[in-house]
Amino acid sequence: EDESEVNQVNGTFSFTGDGDYILEVTAKDKAGNTVVKKGSIVIDGDLPVNSISIATPHLNGYYKADVVANIEIDDDVSKVCTAKLKITKDGVVSYEDITANIDIYSANGQYETTRTYTEEGDYTIEITTKDMANNSAVADSISFRIDKSAPELEILGVAEGDRLKADANVSFKKLERFDEDTIYTISVARK
């Protein structure tokens, strides 16, 4: 049949509200011929929600052990299609695509994974995600410092057991990677 002889009707349909929809369009002509087309769509206007937390005990934001970062993503309508970490350690930026490594996906859209950081340094970890509907989450980030090493000190001007005729001038040499946060105390006591 010549395409110019076909009566075409175009319809526009609107869907509102997040959720899964099943579409079914039926057409029936005057001769009784019927065709049914089916499909499904997901409407998702909500952004995924990201969070990063650290359960490792710390002292004033400083960690003297490995840090385990808990990463949670929530998207209850579409599945997350990309999840990336931006890791800044001591000013050097690297990226990790964790999309394939998301350990748990439940029916309610909760994703969870962890990352362990072991090396000393200043860290900022940022997570960004995008869902199947192309909604990008607001990035979440956390900053922390891992400092596993005790400060090193060297006493200068006297040696252990020295006997002196006069007053002693004593100083110390400090060797500490994170010196700006180290408190030094000098105590002198007479025996």
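In this predicted model, Leu23 has Gly39 of strand 2 as its bridge partner. The pairing to which these residues belong is an antiparallel one, in which 10 bridges join strand 1 (residues 19-28) to strand 2 (residues 34-43). The two strands form a hairpin with five residues between them, and here Gly32 takes a positive phi near 90°.

A second arrangement of strands can be followed in the open sheet, whose five strands come in the order 4-11-10-6-7, with mixed pairing. Strand 4 (62-63) and strand 7 (92-97) stand at the edges; each has a single partner strand, so one side of each is left without a neighbour in the sheet. For strand 7, an antiparallel pairing with strand 6 (residues 80-89) is made through six bridges. One residue pair to look for here is Lys84 with its bridge partner in strand 7, Asp97.

Strand 10 also belongs to this open sheet, and a charged residue in it deserves a visit. Asp131 is found in strand 10, which covers residues 121-131. Although Asp131 is buried, it has no salt bridge. Its nearest side chain of opposite charge is that of Lys130, 8.6 Å away, whereas a salt bridge would need the charged atoms to be within 4 Å. Asp131 does have a polar partner, however: a polar atom of its side chain lies 2.9 Å from the backbone nitrogen of Asn135. Leaving aside residues up to four places away in sequence, Asp131 touches Asp44, Asp46, Pro48, Asp75, Ser78, Lys79, Val80 and Cys81.

Terms used: Residues are numbered from 1 along each chain as its sequence is written. This is a predicted model: local features need pLDDT of at least 70, side-chain atom pairs count only at pLDDT 80 or more; totals for chains, interfaces and linings use all residues. Side-chain values use heavy atoms; hydrogens and water are left out. Helices (H or I, at least four residues) and strands (E, at least two) are DSSP runs, numbered from the N terminus. Buried means under 20% relative accessible area, exposed over 50%, partly exposed in between (1.4 Å probe, protein chains only). Lys and Arg count as positive and Asp and Glu as negative; His and the chain ends are not counted. A polar contact is a pair of N or O atoms within 3.5 Å; within protein, one must be able to donate a hydrogen and the other to accept it, and residues adjacent in sequence count only if both atoms are side-chain atoms. Contact means heavy atoms within 4.5 Å. Two strands pair if DSSP finds at least two bridges between them.
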